[in-house]
Structure formats: structure tokens, C-alpha cells
Amino acid sequence: MTQTSVPKVAPIPGPAAWNEILGQRPVARPLEGAVCADFVVVGAGFAGLSAARRIRQLQPTASIIVLDATRVAEASAGRNSGFMIDLPHDLASDDYAGAGDDRALIDLNRAAIQFGGDAVDEYGIDPNYFDRAGKVNGAASATAQAHNESYAKHLASLGEYSEALDSQQMQDLTGSSHYVSGLFTPGTVMLQPAGYIRGLADGLKAQGIAIHENSPVTMLTREGSAWRLTTPKGSISTGKVILTVNGHLESFGFERGRLMQIFLYAVMTPELDEATLACLGGQSRWGVTPSDPMGTTVRRIDTKQGGNRIITRTCATLNPNRSVTQSNVARAEKVMQRKFDQRFPQLAGMKMEHAWAGHLCLTLNSVSVMRQLDDGLYSGCVQNGLGTTRGTLTGIGAAELACGQTSAITRHFAAEAQPKKLPPQPFQQIGANAMLRYREWRAKSE
């Protein structure tokens with residue numbers, strides 16, 4: 001590759017609500033002028049900031065620059081559900097059990113969580129933003145309960161603990177009588193994802209790493225043994241580039257026709273007052289993922305995480321050009337209002353304060369793209385809907401490759417196949433969205 005013109009990414013509708021509820025940040029400092037660096041990381045999400053931290057660990061004196069097209073925590077890092085999951089979580093399965101070596105994946109996921117926890121300690125990040133609370137798979141039907149029972153058996157075969165919850169225990173936890181049962185697992189970290197990412201960025205800046213926001217890469221050019229990255233107001237010459245741009249990797253010329261660009265949707269209540277909280281009942285913090293992967297995720301947070309609020313996430317669309325419209329958000333918002341009212345009839349009709357879309361990227365064979373792409377060019381991309389954990393891992397792995405290191409992480413991703421080719425358009429979009437709608441319908445009350 002000698003030169004690639006990188007198209008502008010369409011803005012994602014709705015606010016990054018996790019970031020919004022934390023208040024304003026200092027003014028962004030875009031890249032200006034021509035500079036040099038030993039390493040440039042493109043993307044300041046979970047993968048990119050993890051890559052920058054790992055480089056600093058491996059090469060303490062290296063000059064490192066991180067570029068982001070928007071503000072820190074305004075893209076996917078401020079739009080996900082905040083579950084940093086340690087156990088198998090295969091979104092293509094019926095009960096999350098993976099098809100590969102789940103024991104190895106658990107160990108890797110826990111390494112990512114440890115990496116994040118160490119960053120919290122090292123940088124003084126608010127521990128409320130990294131809550132080691134575990135999560136619950138909620139079941140609202142006999143079919144979903146069977147999924148939980150199957151998953152529990154799978155976990156037991158791996159030597160992993162889980163605890164079945166009955167309907168009363170679920171109501172005591174959530175304040176909702178919607179769930180007939182649940183399955184608690186203790187290893188998930190419940191993030192305030194924007195708070196964690198902001199803290200990670202601040203810690204890296206304190207270590208001398210430059211983070212330039214509102215600085216999208218418009219051109220990537222090979223110049224002898226170096227690379228030049230061009231942004232609207234500046235440029236960087238560097239020997240090593242790490243792309244941590246998830247599905248935007250296609251825009252840089254890689255894996256075209258192999259990446260599924262998926263958008264998920266979420267809503268968040270306004271801050272709940274004391275009377276509403278008394279009416280709601282339940283505990284002040286919890287996270288429920290659906291027993292069916294295409295069901296509805298629900299979280300409750302408290303004042304130390306951005307206010308007493310409930311977050312509801314469901315619905316998915318495939319948008320191959322990464323362009324999602326406000327009408328997509330409006331359609332999903334109606335569905336999520338119905339789901340919220342079903343779960344919390346005592347709060348039925350409450351108008352949501354925030355509604356938004358969030359981007360994720362999948363491959364048909366559930367592989368990531370964490371490898372060397374060219375001389376001095378590396379990728380930590382394609383998280384398959386597991387952006388907090390998988391993003392951390394691919395960022396660490398890409399940094400290690402760029403520094404000439406090998407580890408269990410680099411060996412794992414090096415053994416993965418290339419993403420499979422997708423069906424041609426328009427069959428891909430029509431077929432995928434029909435399948436997503438069918439799976440949403442099949443999940444029903446979940």
C-alpha cells in the first residue's frame with residue numbers, strides 16, 4: 001500500500017449518553033502542524049487507549065500520539081452497555097456458549113479485565129466506573145430459562161461458578177416482576193464506560209502520551225520506511241501505525257466485503273427522583289443481559305455513576321455504509337419504550353431523556369482482525385460485539401506486535417482465520433436485516 005484516501009465517517013445519531021451524563025470536558029486539542037512520533041494509534045476507544053498504555057509499558061521512552069475523529073468517549077466507548085464480560089459471550093449462539101476453546105477465551109478475557117483494573121489503580125480512576133459486581137442473565141420465559149440452564153451446565157463443565165436466581169430474587173434485584181428466573185455470574189465488570197475511558201485518557205496524558213481529538217485521518221501514505229497520517233489541520237510522520245478503528249478498518253482499504261456493520265440502539269431515563277425510586281424498588285446498581293442474545297439488555301446505575309437511571313438496549317440493524325438515520329433510532333426508541341413499560345409497569349410511560357445508536361462490527365466466523373497489515377502497520381480491530389473486553393485485548397495485542405513482543409494474546413489472534421466474505425449486496429443487507437428482525441421477534445419477551 002502506498003496511499004489511501006480515508007473517507008469521512010457519517011455521524012452516529014443521538015448523544016453518547018454515558019459521556020453526556022458526566023458533564024463537559026476541557027476543550028479538545030486537534031492535531032495541528034507537522035510532527036513526528038515513534039508510534040501513532042488511530043482511535044481513542046478501548047482498543048486504542050489500551051494499545052497506547054501497552055506501548056508505554058513496553059517502551060517507556062517512546063513518543064506516542066493517539067488520534068481520534070471525535071471526542072474521547074463520544075464514539076462507541078460512550079455508546080455501549082458497559083458490560084466487561086469474562087465468560088463466553090457468543091452473540092451468534094442461542095445461549096452465549098462459544099464454539100471454540102472457551103477456557104482459553106475466559107483466561108484472555110480475564111487478562112483484559114486485569115489490565116483495565118490495573119489502569120484504574122495506576123491512574124486513580126474512580127472505582128465506581130469499574131464496578132466488579134457481576135451480571136445476571138435474565139429469563140422471562142420457559143425457553144429462556146432453558147437457555148440459562150444449558151449455559152449453566154456449559155459453565156460447570158469449564159469449572160466456572162454460576163448461581164440460579166428465582167423470580168422473587170430477580171424482583172428483589174431489579175424491582176421488576178418481568179423475569180421468571182436469572183443466572184448470576186460474578187466475573188463481569190459493570191463499567192461506566194465513558195468514565196473509565198476518560199480516566200484512561202487522562203492517565204495516558206499524564207504519562208506524556210499526546211491525544212488529539214477531532215482529528216480524523218484523511219490520508220494514510222507510505223513514505224519509504226515511514227508512514228504519514230494526514231488530518232484536516234496537521235500531519236504525523238511515524239515508523240509504526242496501529243489502527244484501532246473497529247469496522248472503520250474498511251475505510252483504510254482492509255477487509256472490504258468481509259465486515260458486517262451493525263448498529264444497536266439504547267435509551268436512558270432521566271434521573272429518577274426519590275419518590276420514583278421508592279416506587280421502583282430493587283437495588284441501586286445491577287445489570288441484566290437477556291438469556292437470548294437478541295433480547296433486551298437493562299442496567300440500573302446510581303449517583304456515583306452519573307445519576308439514578310435505567311438504561312435499556314435492544315434492536316439491531318445492518319447498515320453496510322455505516323450510515324444510520326434518525327428514523328432508525330426513532331423506530332428502536334418505540335420498541336424500547338414498550339420493553340421498558342413491560343418490565344417496569346410502575347414507571348410505564350416515563351419519557352426517556354436520551355436515545356442513541358451505537359456501532360459494532362461482526363464477522364461471519366466471529367474472528368477479529370488483530371495482525372500486521374503491512375510493514376509498520378498493525379490492526380487491533382473487529383470486536384464482534386464485545387468492544388470492552390475484546391477491544392482491550394486487540395489493542396494490547398496490536399501494541400505487542402508493533403513492539404516485537406509475543407504473548408498468549410498475540411498467539412490467540414494470530415491463529416484466527418481471515419474474516420469470511422459476505423454475500424453481495426443487496427442480498428447481504430436485505431437478508432441480514434430480515435434475520436435480525438426474525439431473531440428479535442423470536443426473542444419476544446426477552
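Strand 4 and strand 9 (residues 189-191) pair in the antiparallel sense over two bridges. Within this pairing, Phe 83 faces Met 190 of strand 9. The structure described here is a predicted model. This report treats the sheets first, then the packing of three helices, and lastly one residue of helix 8.

## The sheets

Strand 4 and strand 9 belong to an open sheet of three strands, whose order is 4-9-5 and whose pairing is antiparallel. Strand 4 (83-84) and strand 5 (130-131) form the edges of this sheet; each has a single partner strand, so one side of each lacks a neighbour in the sheet.

A second open sheet has eight strands in the order 7-8-6-15-16-17-14-18, and its pairing is mixed. Its edge strands are strand 7 (163-166) and strand 18 (354-362), each of which pairs on one side only. From one strand to the next, the twist averages 25°. Inside this order, strand 6 (residues 135-139) runs parallel to strand 15 (residues 286-290), and three bridges join the two. Asn 137 stands opposite Thr 289, a residue of strand 15. Helix 5 (residues 167-174) packs on the sheet, where it touches strand 6, strand 7, strand 8 (181-185) and strand 15. The direction of helix 5 makes about 85° with that of strand 7.

Strand 2 (residues 33-42) takes part in two parallel pairings. With strand 13 (residues 234-243), strand 2 pairs over nine bridges in the parallel sense. The bridge partner of Val 40 in strand 13 is Val 241. With strand 3 (residues 64-67), strand 2 pairs over four bridges, again in the parallel sense. Here Val 41 lies opposite Val 66 of strand 3. What kind of unit do strand 2, helix 2 and strand 3 make? Together they form a right-handed β-α-β unit.

In general, the side chains of a regular strand alternate between the two faces of the sheet.

## Packing of helices 2, 3 and 6

Two packed helices are described by the angle between their axes and by the distance between those axes. The table gives these values for three pairs.

| Helix pair | Axes come within | Crossing angle |
|---|---|---|
| Helix 2 and helix 6 | within 10 Å | roughly 30° |
| Helix 2 and helix 3 | within 12 Å | roughly 70° |
| Helix 3 and helix 6 | within 10 Å | roughly 60° |

Consider first helix 2 (residues 46-58) and helix 6 (residues 193-206), whose axes cross at roughly 30°. Angles under 35 degrees count as roughly parallel, and helix 2 is therefore roughly parallel to helix 6. The crossing of these two helices is left-handed. Helix 2 contributes Phe 46, Leu 49, Ser 50, Ala 52 and Arg 53 to the contact, while helix 6 contributes Pro 193, Tyr 196, Ile 197, Leu 200, Ala 201 and Leu 204. Sorted by class, the residues of this contact are nine nonpolar, one polar and one charged.

The axes of helix 2 and helix 3 (residues 102-123) cross at roughly 70°. Helix 2 is therefore roughly perpendicular to helix 3. Ser 50, Arg 53, Arg 54 and Gln 57 of helix 2 meet Phe 115, Asp 118, Ala 119, Glu 122 and Tyr 123 of helix 3. This contact has three nonpolar, two polar and four charged residues.

The third pair is helix 3 and helix 6, with a crossing of roughly 60°. Helix 3 and helix 6 are therefore oblique to each other. Which hand does the crossing of helix 3 and helix 6 have? The crossing is left-handed. From helix 3, Gly 116, Ala 119, Val 120 and Tyr 123 meet Tyr 196, Gly 199, Leu 200, Gly 203 and Leu 204 of helix 6. The residues of this contact divide into six nonpolar, three polar and no charged.

## A residue of helix 8

Gln 337 lies in helix 8 (residues 326-343). Apart from neighbours within four places in sequence, Gln 337 is in contact with Gly 349, Met 350, Lys 351 and Met 352. Gln 337 and Val 267 are 70 residues apart in sequence, and their C-alpha atoms are 8.3 Å apart in space.

How values were computed. Residues are numbered from 1 along each chain as its sequence is written. This is a predicted model: local features need pLDDT of at least 70, side-chain atom pairs count only at pLDDT 80 or more; totals for chains, interfaces and linings use all residues. Side-chain values use heavy atoms; hydrogens and water are left out. Axes are lines fitted to C-alpha atoms, for helices over the stretch in contact, and angles run from 0 to 180 degrees between N-to-C directions. Angles under 35 degrees count as roughly parallel, over 145 as roughly antiparallel, 65 to 115 as roughly perpendicular and the rest as oblique. A crossing is left-handed if the near helix is turned anticlockwise from the far one by less than a right angle, and right-handed if clockwise. Contact means heavy atoms within 4.5 Å. Ala, Val, Leu, Ile, Met, Phe, Trp, Tyr, Cys and Pro count as nonpolar, Asp, Glu, Lys and Arg as charged, and the others, Gly among them, as polar. Two strands pair if DSSP finds at least two bridges between them. A crossover is right-handed if, with the strands pointing away from the viewer, the path from the first strand over the helix to the second runs clockwise.
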